[in-house]
Amino acid sequence: MNALLATTFGGDVIEPGTAGYGEAARTMLVPGSPAYVLRPASVADVQAAVRFAADAGLVLSVRGGGHAFAGFGTNDGGVVLDLARLAHVEVIDEERHIVRVGGGATWGRVADALAPLGLAISSGDTRSVGVGGLTLSGGIGWKVRKHGLTLDSLVAAEVVTASGAVLRASAEENPELFWALRGGGGNLGVVTAFELAAHPTTDVFFGAVTFPAAELAEVLQGWAAYLRTAPDELTSIASFANPFEGGHEAPVKIQVAFDGDDPEAAAKAIDPIRALGTVLSDDVTLQPYADILEEGQAAPPGIRLLTRSAFVEAGSVRQVLELLAEIGAAQGSPFISVRSVGGAVARVPDDATAYAHRQAELMFVTTAAGPEPIVEAARPALEAIWARLAPHVSGAYANFLTSATPDDVAAVYPPPTLGRLAAVKRRHDPRNLFSRNHNVRP
């Protein structure tokens, strides 16, 4: 190990051949073979690790939860900076409900810590997802229509930049960096702590209503039409063609989360969904918010995912859902999920953050999974599907992409956003040390 790192780094150093390397080298979804996995115990350790990687000319991957579909949290031959030991959750302002969260915390840890206080933060839908990756690129989850994206709750961040300096970013301090962090992914530095505004919460009504696959087209259109006028307290996901439930013959699953514990208000909000078709099952119940976050599953050895996403604005919703219903009803369809957004997300000015897709009504995802040969064999059909969709969709959600090509970066960041991000990148990371992401080149 580099002698300088040995004298300045006080955390865990895991190298090939040492105990725990196999697990430490990979992320939840992607294998890797880094030269070093470094687990800092302090901000000073993060500074030392960043300087080490920069001085050694090694690729640097920063890992929060390790859920990135593209495998950004690992690499081959470089340095993985695993923030798992920086996972504190602390309320630092009780009156304003400001919570300081370590860069290596997961959403399950945050939800569990806040639940006894009657507080929550709008997050994703998976307990083991890292706070960092989700917050820096968006944050679309079960409270998104009522309380906005996760990044909309961010009030300040502690950041270690490529030079090893520690900066505070907020609306008052380094405001352009603060703008860029909210949507710019891991491009700007290592966020060692997030300060997020929580909100008082109650239990929520959560569950799924399912319908026959034969009713897919009608249910999808009715679902999207209703969500346009549904209360912001209701967030919903429609999913179909699940390969583990019958593929193109799988039931249509409409998951709902009503952000409130009033049974009459919940019924009024959810009953129009129940009326969309022939209900096969309905397991919606009142549950603690922390309990509705699901456990993430690591990909089995040898299994590869191809995940792709896009946004749909109001004028294209009908056409896109017609196409998705046709695709989902065909044998060999990828797994498809469609998420409602809008609400609080759309009420934030378009240029307030580096998240560039405020006006989308829907965000959808396609996923194919299997051994490498099977996934590669499916690729031409997937590309044909996306070629049909392309005229009617826009952008991409960075947290649901398995690739990071220039086309992907252009989809995540339209030209005005990309140009502004590049200027911030030039200031804080001119040598592009933080390149394991949907990379904004300086």
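# A tour of cavities, a pocket and packed helices

The residues lining the largest cavity divide into eight nonpolar, three polar and no charged. Keep in mind that this is a predicted model.

**Stop 1: the largest cavity.** Select Ser-137, Gly-183, Ala-354, Tyr-355, Ala-356 and His-357. Add Ala-396, Tyr-397, Ala-398, Val-412 and Tyr-413. Together these residues line the largest cavity. Its volume is about 60 Å³. How many cavities of 30 Å³ or more does the structure hold? There are two.

**Stop 2: the second largest cavity.** About 40 Å³ of space lies here. Select Trp-107, Val-110, Ala-111 and Leu-114, then Ala-120, Ile-121, Ser-123 and Tyr-289. These residues form the lining of the second largest cavity. Which helix gives the largest share of that lining? Helix H4, residues 107-114, does, with four residues. Colour the lining by class: seven residues are nonpolar, one is polar and none is charged.

**Stop 3: the second largest pocket.** Now move to an open site. The second largest pocket has a volume of about 760 Å³. It is lined by 36 residues. Select Leu-306, Thr-307, Arg-379, Thr-402 and Ser-403 to find the ones closest to the pocket's centre. Next, show strand S17 (303-312), helix H12 (372-389) and helix H13 (406-412). Each of these elements gives two or more residues to the lining. Strand S17 provides the largest share, eight residues. By class, the pocket lining has 19 nonpolar, nine polar and eight charged residues.

**Stop 4: H12 against H11.** Keep H12 on screen and add helix H11, residues 317-328. The two helices pack at an angle of about 160 degrees, and their axes are 10 Å apart. Do they run roughly parallel or roughly antiparallel? An angle over 145 degrees counts as roughly antiparallel, so H11 and H12 are roughly antiparallel to each other. Their crossing is right-handed.

Zoom in on the contact. From H11, select Val-320, Leu-323, Leu-324, Glu-326 and Ile-327. From H12, select Ile-385, Arg-388 and Leu-389, which they meet. The residues of this contact comprise six nonpolar, no polar and two charged.

**Stop 5: H11 against H8.** Leave H11 in view and bring in helix H8, residues 216-227. H8 and H11 pack at about 150 degrees, with axes 9 Å apart. That angle makes H8 roughly antiparallel to H11. The crossing of H8 past H11 is right-handed.

Which residues make the contact? On H8, pick Leu-216, Ala-217, Leu-220, Gln-221 and Ala-224. On H11, pick Val-317, Arg-318, Leu-321, Glu-322, Ala-325 and Gly-328. Here the classes are seven nonpolar, two polar and two charged.

**Stop 6: H8 against H9.** Stay with H8 and add helix H9, residues 263-274. The axes of H8 and H9 come within 9 Å and cross at roughly 155 degrees. H8 and H9 are therefore roughly antiparallel to each other. This crossing, too, is right-handed.

Select Trp-223, Tyr-226 and Leu-227 in H8. Then select Lys-268, Ala-269, Pro-272 and Ile-273 in H9, which they meet. The contact of H8 with H9 has six nonpolar residues, no polar ones and one charged.

**Stop 7: Glu-215.** Where is Glu-215 found? Look in the loop between strand S12 (204-211) and H8. Now select Leu-276 as well. Glu-215 and Leu-276 are 61 residues apart along the chain, and their C-alpha atoms are separated by 9.1 Å. Finish with Gly-277 and Thr-278. Leaving out residues up to four places away in sequence, Glu-215 touches both.

Key: Residues numbered from 1 in each chain as written. Predicted model: local features only at pLDDT ≥ 70, side-chain atom pairs only at ≥ 80, totals over all residues. Heavy atoms only, no water. 1 Å grid on protein atoms, 1.4 Å probe; cavity = no way out; pocket = protein on both sides within 12 Å on 5 of 7 lines; lining within 4 Å. Points joined across faces, edges and corners; volume = space filled by probe spheres on them. Nonpolar A, V, L, I, M, F, W, Y, C, P; charged D, E, K, R; others polar. Axes fitted to C-alpha atoms, helices over the stretch in contact; angles between N-to-C directions. Parallel < 35°, antiparallel > 145°, perpendicular 65-115°, else oblique. Left-handed = near helix turned anticlockwise from the far one by under 90°. Contact = heavy atoms within 4.5 Å.
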